[in-house]
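Let's take a walk through this model together, one piece at a time. Have your viewer open so that you can follow along.

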Amino acid sequence: MNLTFPLSEKLLVLTVNNRLKRHLEFTDAEARKNAGQTIWPTAPIFPFNHWLKETYQSAWPDKWILSALQSQTLWESILESDPEFIKLDPLSLKGAAKDSAKAYSLLHQFEILVTEKSFSGTEESRAFFRWKTAYEAALTAQDAIDSGQVMNRVSRMIASGEIMLPEKIILAGFDEINPALNSWIKAVEKTGNPVQYFSEANDSNSPATPKENGQINVRRFNDTKTEVIQCTRWIRSQYKQGHRIGIVATRLEEVKNSLERELMAELAPESIFPWDQTQLPFNVSLGQPLIQEPMFPPVLTFLASPTRPVPIQELLQVVRSPFLVPEHDDENVADELETRLIRRKIQDASIEVIRKLTQPASGKTQKTSRQYKNIKTLLAKWLEFQQNKKYQSRKLPSEWARIFAKILFSIGWPAKLRQLNAREIQAYLEWESRLDELSSLDPILRNISRVDAAQYLFSMVANPTRPFQEQTTEDSPIQLMGLLESSGQAFDSLWVMGCDADILPEPLRPNPFIPTGLQRKLEMPYASPERQCRFARNIITRLVKSSNNIVFSYSIFKDKEPKRVSPLLSDFAEADATSEISHRIKDRIPTHTMEAFTDNVSIPIPQSALPTIQGGFRILKNQGECPFRAFSIHRLLADRYQVAETDFDQMDRGNIIHLALELIWKSLQSRAHLEQLTSAGTLEELIRKVLQDIMAREEYSRLFKTQSQFKTLEVERLTQLISSWLKIELDRSDFKVVALERKDKFNFEGLTINYRADRIDQLPDGQQILIDYKSGKVVPKAWFKEPIRDPQLPLYATHLNPDAIALAQIKKGEMKIHTTAAETFPLDGLTTANFQKDTGCENWDQLRAHWDRQLRTQARNFIEGEMEISPVENETTCRNCHHASLCRVEELNQRLDPHS
C-alpha cells in the first residue's frame, strides 16, 4: 500500500528500523510544512521493537524487561559459573554469552518448544539447555522477562483487550515475517484492526527485468579502492537538488571510512578544514562506538585508573584533553612532560610521578603558566579521587554511577572549560544513558569495586553493537547504509557495492547452541543455503524496485584473492568499464608543463648562534649521510624521542656494559693486573660485584622493580659476556689504561665539539690507542669512505693525536677489536683494517690529515647552511631515518624518475 502524507493520527506506522522511521518522519514533516502547518503533533511512527516495549510497559505489567546489557551480563555470569563451560573450548566468555542470548531470542522468534530431549544432540546444545534453565530461573527470581519474550506477551495482552490499538496499523520495511511476528499480526487482526504493509518501492517491477524507463547494470573493478572511488564519482554526477541517492554496501563496516573520505573530497572538499563546520550532504547509517568520540577516553581513564602505574599514553591523554584542561596555544606543558617521560624511558607511571615531572611552559613560571596550573589542579583532584578511602569500598553500580557523575562535574567535565557543539551534546546525552544502564545492573552485579564499575562503563561505551550516531534535523539527500537498513526506502539513483558471490548471498552462520537440523527445518537466518539464497534474492528484488537508476558493483580482487560476481545478478547486463569524472579539487586543476630550476637556497648559521649548536660528532655524521638530516636535527631540532618498547632495551644494555667496563678498568688499571686476577680466579667475582652495584643505582633499579628474577638473569648474562671480552683483552700486547670516559670539548671550524673517549690505553713504548666500545655490529671500513660514515674516532684522532684507533665489538660470538694504526703500532690480538687500499694514504700521519680535511669540509658545509636532500646511500640511509615526512624524499624521487 502507499502512505498518504501528512499521516493521519488514526494510523500507527511500525518500521523495521530507526533509519526508516526517521526518513518517514522527515517526509511527514515536509508534507506538513508544504501544507502551511507550523505546529503539528509527533507523527505516529515508531520502530517496531521500541513500540512493543513501550506498549508493554505502559500496560503496568507484572514483570519488567531486562535491557540488552542486563541480559548480556546475566548470561556471562551464568556461563562463568558453569564448571562445564571451559570444556566447550570457547573463544571468549563474552562471545559465547552473546551467542546464547541470540539463541534464546531465536527460540521466541520462531516459537520453539524446548525440551531436554530435543537439545540433547551435541555438547553445545546440552550446555545451552542448562544455561537456559538457569537464565529463566534468574528471570523468575527477579520478576523479569527477556526482551525476546515481549512480542508474545503483547500478543496475549492484545487478545485479552488489555492493550487498545489504533484503527489501522502499517508495517513498513519488513523483508520477512517470522512466526512470532505472524502470531502478533493474527492477534491484531482478530480485534478487527487491519495490518497492512508499506514500501516506497514500486511493486510492479520484477528483479530480473530492467524497468522500462530505468537503467540497471553491473560494473566490475579491479579492487575495492577503485570501486569506492568510482562509486563516489558516480554519486557526484547524479547529485542534484531534490534527488535522493542511496549507497548500499554489503560490507559497510569495511568501506565506511573510505566512502566517507571520498564523498567529502567529491562533494564537500572544504570540510577538510577543522574550523569549517560544513553540513555534509550524506548520512552514514553505521555509527561508531561512543568511545571513539574524543571526550570519553580521557574521563574513562580518569575513573578507572588503579593505584598501580599505568601506561604513560593513557595518563597523557588525560592532561591533553581540551575537555579537562583549557587549551593555550602559547604553552606546551603536556608536550614537554611527554618528552621528559620518554627521555627517562618511563613506560608506566603513577599520577604522583606525572605530578613531579610536570613543569611550567618554557619561559614561564608556576604563576604565569596557565596550562601548568590547570594540569597541576587536575592531577591533584585525580590523585585525591584515586586515594580517597570512600571510593575504595565496594558499592552498587547505581552508587558508582552517581559518584562518577559527581566527580566529573567537580573537575569541569565536559562543558565548564569548552563550549560543546551539537554532536558533542548528543554524545554527552548518550553517555548519561550509559550511566543509567550501569545503575540498572544493581540486581545482577550487586556490590563491585570502583575499577570494576569503570570497566563495565567502558565496555558499554566501547560496545560496537551500540554505536553512537549524530541525529540531524533534515533528511540527507545521500544515504549510506547496509543491505538490511535500505529496507522500505526509494531512491532516484542507487549504487549497490560489494556484490560478489562471497557475500551475496551471505555465508552460513548457524547459531552454535541450537540444533542445526532444527534451524534448517524452521529456516532460521544463516542456517541453510536455500534460505540464504531466497533471502538474498528478495533483497535484490526489493532494491531493484526501489529505484529507476541502479548500479550493482563488485571487485574482482579482494585482499589479493580473486572474486566473481554474485550469481543472483546474472540476469543483468555487465556494463563496459568506465571511469567517472573526478570533482576533487586537486584533480580539477589544469596541468601545465612543469618548469625545472635548481634550488640553491642555503641558510648559513650566524656566528652568534654557533655556540648554541649541539650534537658533537653526530653533526658531522648526519651531514655526511644526508645534509638535510643534519639541518633538521641540529638546526630545526626536529629529531624525535622514541618510546621504549620494553623497560630494558638495547641502549640500557649498552650503557651498563660501558659503565661496567669503566669501573672494572678503574680497578684493574693494566693488562698485568687483569692477568693476575684471571690466574687467581677472582676476576668473575669483581665483574659480578660491579654489575650488582650498577643495578642498585636508581636509574637501573627502577627498570627491575617488579622483575627481580630478570635482574638476576641479566647480571649473570653480562658477567659471562664481560668475562669473555676480557679474555680477548689478554691476547693483546702489554698496556696500561691512562684514561676512562675522558670528557672535554674543542673548537672545530667554529663548532664546539663535546666529546667523551671511552678509553685510552698506553703501551710500554709510550704509544697510545683510542678505544670506543660497541655492543652491536661495527663496520671499520666506514672510516675510509668519502664522506666518512662513522666520523667519531677519526674526529677524536685529529684532536687527541693517538697512534691507533679501535672499535671494541662486545657482542656474543663476534668479539673483536677492530683497529687501524700507525706502522709501528703492535697489532697482537687486534683485527686491523688496511687504510692504504681504501684511501690512498701511505701512512698514519697522511690518514689523519685526510680525515681532518674531509671532516672540516663537512663542518663548513653544515655551517654554511647546506641542506640538500641527498642521502649518501639512498635506501640504506633513509631506512632508519625518521624525517621522511619532513623531507618527502619519496616524492622527490618520483618527480626525478617517474618510472621508479
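We start with a sheet and the helix on it, then turn to a pair of helices. Please keep in mind that this is a predicted model.

Begin with the open sheet, where four strands line up in the order S2-S1-S5-S6 with parallel pairing. Strand S2 (45-47) and strand S6 (195-198) are the edge strands, each pairing on one side only. On average, and with direction ignored, neighbouring strands of this sheet are turned by 30 degrees against each other.

Now look inside the sheet, at strand S1 (residues 11-15) and strand S5 (residues 168-172), which are joined in the parallel sense over five bridges. If you would like one pair to pick out, Leu-14 has Leu-171 in S5 as its bridge partner. Helix H1 (residues 18-34) packs on the sheet and touches S1, S2, S5 and S6. The direction of H1 makes about 170 degrees with that of S2.

Next, move along the sequence to helix H24 (residues 650-668) and helix H26 (residues 683-695), which pack at an angle of about 130 degrees with their axes 10 Å apart. Because of that angle, H24 counts as oblique to H26. The crossing in which H24 passes H26 is right-handed.

Which residues meet here? From H24 come Ile-656, Leu-659, Ala-660, Leu-663, Ile-664, Ser-667 and Leu-668, and they meet Leu-686, Ile-687, Val-690, Leu-691, Ile-694 and Met-695 in H26. Sorted by type, the residues of this contact of H24 with H26 are 12 nonpolar, one polar and no charged.

Methods:
Residues numbered from 1 in each chain as written. Predicted model: local features only at pLDDT ≥ 70, side-chain atom pairs only at ≥ 80, totals over all residues. Heavy atoms only, no water. Pairing = 2+ DSSP bridges. Helix = DSSP H or I, 4+ residues; strand = E, 2+ residues; numbered from the N terminus. Axes fitted to C-alpha atoms, helices over the stretch in contact; angles between N-to-C directions. Contact = heavy atoms within 4.5 Å. Parallel < 35°, antiparallel > 145°, perpendicular 65-115°, else oblique. Left-handed = near helix turned anticlockwise from the far one by under 90°. Nonpolar A, V, L, I, M, F, W, Y, C, P; charged D, E, K, R; others polar.
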